[in-house]
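Colleague: Could you walk me through this model and tell me what stands behind the words you use for it?
Modeller: Gladly, let's put it up first.

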Amino acid sequence: MPSSATPAILTPETLSNPWPVYRQLQEDDPVHWSEELQAWLVTRHEDVTGCFRDPRLSANRTQLFAEHQLGGLGPELVKDYLRVAEGMMLMKDGTEHTRLRRQANTGFTSQLLDGWRPTIQRIIDSLLDRVQERRRMDVATELSEPLPALVMTELFDIPAEDHERFQRWSNDTANFFGAAVGDVRSAALRANEGSAQLSRYLTAAIEARRERPGEDLLSLLLRYEEQGRMSTEELVSNAVLILTAGHVTTIDQLSNGVYELLTHPEQLEQLKRQPELCKAAVEELLRYTPAVPFMHRVVAEDLELRGRTLRKGQLVFLGIAAANRDPNVFADPGRFDITRQNNKYVSFAFGPHLCLGAGLARRELELALRTLVCRMPDLRLDEQRPPRLKCNSLLFRGFDSLPVRW
Ligand code: HEM
């Protein structure tokens, strides 16, 4: 299919309803060169999972992606952003990645995560207590945003009142990483400031733990640094990564999930009748409406894919959301079905960089949805205040505002 026949990807129309475009690409040109993005778009499930595992596609993308985003503006605009991102496991390949990942894994075992359930539940209850009598709320700003950020303050043992600050810094940093749409210069400056602030904030928290270690995640990672398994810079970078990745994605996933349930009343009714379906409902929400519709890689070595040559140095966007609706893998992929079995979605990626926090995110989503449907059985969209989708990035998809009543 010639590129000119491809609908634009970064328009508000496509960002808000991308499914027809993804389907068209998947069918007609599954490995597509986008003139608009100056990058490849890969949309079939088999190819997306294959690319996530292919060592010829590198996760070491910070510098190239920043230059790609900035055009002629120059990478010095994002000096601090690059410095912090450089040490993140997310940007590493091979043994360097394994070394950093192995240590972080020990903070995310199923046993530890199950131990977090009461804390997550307490936070959800306290957020809903604030609005219960009001009989209306904005899910995006009053539940989705504070919940994962407050969970992260507990995980890192940092003051809960700081969550709004690091939420702002994280959003700004993630927005640039996520292929910001619109004023790129201002997005770059905000990302740089966000990274500098996050790194300063976490460096201070780490130094405090050096004096008085505890049982939190920072203290755990600090032990590895003191054993010489990671440098101080790597410790700070990965603390920034976990803090940021730990909430920006979950925020969007929770709002997306609530929206789909409220716009599929028969599924919502079934969930109310059978709350034990909550786990499966979360899996289906992750498939149907992923918070991260694309993830990027850089071609490290020329490779052939479906007859197209991907050249060293080119950027590739792996279509997670498109793969999640590939009819070769999912029966009736456009149907939202909370009883779906054998759900092989790729919303947490695939291969070595499979999301470190998937288990935590699943627990947060499950407890939040279960509590919402139990405590607010008449939950519905607020007909007087329409929801507002976020359309400011290619890699992250969620809501700025999601007003509901009950
Ligand atoms: C619904 C919520 C979430 C979604 C959709 C999500 C999605 C993803 C995706 C797609 C990746 C792969 C990135 C790549 O391949 O380049 C990833 C990696 C990662 N995620 Fe998540 N994530 C979520 C929640 C979390 C949480 C709660 C945490 C931490 C507390 C977290 C921490 C990480 C980290 C550290 C990585 C990098 C792993 C590595 O490079 O080995 N994520 N996530």
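Colleague: What makes the radius of gyration of the protein chain agree with a compact globule?
Modeller: A compact globule of 406 residues would have a radius of gyration near 22 Å, and the protein chain has 21 Å, so the two agree. Bear in mind that this is a predicted model. Along its principal axes, the C-alpha trace spans about 55 × 55 × 40 Å.

Colleague: Thanks! How much of the protein chain is buried?
Modeller: Buried residues account for 58% of the 406. A residue is called buried because its relative accessible area is under 20%.

Colleague: Why is strand β8 called mostly covered?
Modeller: Strand β8 runs over residues 315-319, and 5 of its 5 residues are buried. Each of them therefore falls under the 20% cut-off. Both faces are covered: Leu 315, Phe 317 and Gly 319 lie on one side, with Val 316 and Leu 318 on the other.

Colleague: How do you know that β2 and β5 pair with β8?
Modeller: Pairing takes at least two bridges between the strands. Strand β2 (residues 39-42) has 3 bridges to β8, in the parallel sense, and strand β5 (residues 294-299) has 5, in the antiparallel sense. Both therefore meet the cut-off.

Colleague: Which residues of β8 face Val 42 and Arg 297 in these pairings?
Modeller: Val 42 has Leu 318 as its bridge partner, while Arg 297 stands opposite Val 316.

Terms used:
Residues are numbered from 1 along each chain as its sequence is written. This is a predicted model: local features need pLDDT of at least 70, side-chain atom pairs count only at pLDDT 80 or more; totals for chains, interfaces and linings use all residues. Side-chain values use heavy atoms; hydrogens and water are left out. Buried means under 20% relative accessible area, exposed over 50%, partly exposed in between (1.4 Å probe, protein chains only). Helices (H or I, at least four residues) and strands (E, at least two) are DSSP runs, numbered from the N terminus. The radius of gyration is taken over C-alpha atoms; the globule rule is 2.2 Å times the number of residues to the power 0.38.
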